[in-house]
Amino acid sequence: MDASAKTITVGTLTLQITSDTKITKDGKPAALADGVVGEPVSGAYTKTADGKLNAVVIHFGVKPKKKAVTN
């Protein structure tokens, strides 16, 4: 993570964090600074015309389990 450059690197991908990126941690709204190197991360990105990868959503932490719906 590079907070000053507003990027996150996952494997070989470097994703640009934009004002439109939605960030969550453990299922709750979060900021880039809430991420911890080495913890699980998932998300989605789009590729710009100039080849940059803009993060659309970033999820820090373990993916929250869906609650069972009971009637």
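**Strands and the setting of T21**

There are six strands and zero helices in the protein chain, and the model discussed here is a predicted one.

User: Which pattern does the protein chain follow when read along the sequence?
Analyst: The chain has zero helices, leaving strands to be listed from one end of the sequence to the other. Read in that order, the protein chain follows the pattern β-β-β-β-β-β.

User: Where is the place of T21?
Analyst: Two strands frame this residue, β2 covering 13–16 and β3 covering 22–25. The place of T21 is in the loop between β2 and β3.

User: Is T21 buried or exposed?
Analyst: A residue counts as buried when its relative accessible area is under 20%. For T21 the relative accessible area is 11%, and therefore T21 is buried.

User: Which backbone atoms lie 2.9 Å and 2.7 Å from a polar atom of the side chain of T21?
Analyst: The distance of 2.9 Å leads to T18, through its backbone nitrogen. The distance of 2.7 Å leads to A55, through its backbone oxygen. The two atoms asked for are thus the backbone nitrogen of T18 and the backbone oxygen of A55.

User: With which residues is T21 in contact, leaving aside its neighbours within four places in sequence?
Analyst: One of these residues is A55, whose backbone oxygen also lies 2.7 Å from a polar atom of the T21 side chain. With the sequence neighbours within four places set aside, T21 is in contact with Q16, A55, V56, V57 and I58.

Terms used
Residues are numbered from 1 along each chain as its sequence is written. This is a predicted model: local features need pLDDT of at least 70, side-chain atom pairs count only at pLDDT 80 or more; totals for chains, interfaces and linings use all residues. Side-chain values use heavy atoms; hydrogens and water are left out. Helices (H or I, at least four residues) and strands (E, at least two) are DSSP runs, numbered from the N terminus. Buried means under 20% relative accessible area, exposed over 50%, partly exposed in between (1.4 Å probe, protein chains only). A polar contact is a pair of N or O atoms within 3.5 Å; within protein, one must be able to donate a hydrogen and the other to accept it, and residues adjacent in sequence count only if both atoms are side-chain atoms. Contact means heavy atoms within 4.5 Å.
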